[in-house]
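Trainee: I've got a protein model open and I'm a bit lost. Could you walk me through how to read it?

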Amino acid sequence: MPTASDTQFTSQFETLPSNQPMADEIRANILNNPGFGKHFTDHMAHIRWTVDADWHGHQVRPYGPLTLDPAASVLHYGQEIFEGIKAYRHADGSIWTFRPEKNAERFRRSARRLALPELSDADFIGSLKALLAQDHAWVPTPASASDECSLYLRPFMIASEAFLGVRPAHEVDYYVIASPAAAYFKGGVAPVSIWLSSHYKRAAPGGTGFAKCGGNYAASLAAQKEAEAHQCGQVAFLDAAENKWVEELGGMNLFFVFKDGRLVTPRLTDTILEGVTRNSVLTLAKEEGLTPEERPISIDEWREGAASGEITEIFACGTAAVITPVGELVSEHERIRLTAGDANNDSNEVAMRLRTKLLDLQYGRSEDKHGWLTQLV
Ligand code: COI
């Protein structure tokens, strides 16, 4: 256990360094082949909230199991939200993150919907900096310009009050854990097959679809199991009201590239999560001469555009997925493949161009014209 003499302070974060950090050699082996979400760094950040004392007790401490009362309301009523954001190592060794104020803002939006307390930008970004001050050695160095290895950061907030009545908790804990990451999909950037869920819905109007809460992901898992049974890597969800409009994948947004240069993504509603990558792609696409359109897109338009060759590429995007081309859409009744594009669309030229542009920015290989990067270390 850390002792008081080990205690340091990073801004208002008190740091209790681990006395059992991972050995350099073992960490190096993990960083060579991290997979996604399987390994965790030596520390975690924590801030406590109580209805009387607001946010307090800012701390970075050794990574380890949480002690929760079995009556903690998160375990019963799912009052929980989270974020996903990455730390990137640049060629000079410095470590940066991408648009953290967008994640902080979305975290507050999610908090409001789940009746959780809101965390300031200063605490959100400060917690990432304080954690990285300890765990910077866990940020992998990319082997090439197409390598997407990074340290995936997972801020989350849980209702920890021991109370079985159904009401917003009076005690809440915020943590950040970190996990070295390579590509999210096993096949890397190879096109991923998508399962179209005919029965399950992810979100309904007035519900929590726009919030990043565990419940939305829990609701996607039965459909994700169907997807896996059909050799698909993700699920596409249609809207709950009309079963017609394409919304998003289980954990990613969708884009459709049209032959004439339009780049269409479903317009945001309260059933769609506003991705930071989605928002960035809309800006980068314009710089690449594409015409972004945010509007409703139906499953019929997907089917017809794929058959006629109007739609030439489809891709998924998210912090974890970066930009990953979509191959076919599979359902109980049909398989929708893109028929146009060059060489059966194998090149996914637009998706790959946008992916390179985004990665170059995130890894500091191109000029940060939009001021999207924040230095962590
Ligand atoms: C992310 O992209 O950060 C997510 O939270 C999605 C999840 C599929 C890992």
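What follows is a short chat about domains, the contact between them, salt bridges and the ligand.

Mentor: Sure! Keep in mind that this is a predicted model.

Trainee: Okay. How is the chain divided into domains?

Mentor: Start with the residue ranges. Here domain 1 covers 4-183 and domain 2 covers 192-361. Their C-alpha centres lie 28 Å apart. As for the contact, 21 residues come from domain 1 and 21 residues from domain 2.

Trainee: What area is buried between domain 1 and domain 2?

Mentor: About 1900 Å², with carbon and sulfur atoms giving 57% of that. On the domain 1 side, the residues that lose the most area to domain 2 are Phe82, Arg106 and Arg113; together they make up 30% of what that side buries.

Trainee: How do I read salt bridges, and how many cross the interface of domain 1 and domain 2?

Mentor: The general idea is that side chains of opposite charge can pair when their charged atoms come close. Across this interface there are 2 salt bridges. Now look at glutamate 274 and arginine 109: their side chains meet in a salt bridge, 3.3 Å from N to O. Domain 1 and domain 2 also share 12 residue pairs in polar contact.

Trainee: Which strands and helices each supply at least two residues of the side of domain 1 that touches domain 2?

Mentor: Strand E5 (80-82), strand E6 (85-89) and helix H3 (100-113). The largest share, 6 residues, comes from H3. Sort that side of domain 1 by type and you get 8 nonpolar, 4 polar and 9 charged residues.

Trainee: How many salt bridges does the structure hold?

Mentor: It holds 25. Try finding the one between arginine 48 and glutamate 171, where the closest N and O atoms are 2.8 Å apart. That pair links distant parts of the chain: arginine 48 sits in strand E3 (residues 43-50) and glutamate 171 in strand E9 (residues 171-181), 123 residues apart.

Trainee: And which residues are around the ligand?

Mentor: Zoom in and list the neighbours. You'll find Phe82, Gly84, Tyr152, Arg154, Tyr184, Lys212, Gly251, Thr319 and Ala320. We met Phe82 before, among the residues of domain 1 that lose the most area to domain 2.

Trainee: Where do polar atoms of lysine 212 and alanine 320 come in?

Mentor: Check whether the atom belongs to the side chain or the backbone. Lysine 212 has a polar side-chain atom 2.8 Å from an oxygen atom of the ligand. For alanine 320, a polar backbone atom is 2.8 Å from a ligand oxygen. Threonine 319 has a backbone N or O atom 3.3 Å from an oxygen atom of the ligand.

Terms used:
Residues numbered from 1 in each chain as written. Predicted model: local features only at pLDDT ≥ 70, side-chain atom pairs only at ≥ 80, totals over all residues. Heavy atoms only, no water. Domains from an automatic or database assignment. Contact = heavy atoms within 4.5 Å. Buried area = accessible area lost by both parts, 1.4 Å probe. Salt bridge = Lys/Arg side-chain N within 4 Å of Asp/Glu carboxyl O. Polar contact = N/O pair within 3.5 Å; in protein donor to acceptor, adjacent residues only side chain to side chain. Helix = DSSP H or I, 4+ residues; strand = E, 2+ residues; numbered from the N terminus. Nonpolar A, V, L, I, M, F, W, Y, C, P; charged D, E, K, R; others polar. Near = heavy atom within 4 Å.
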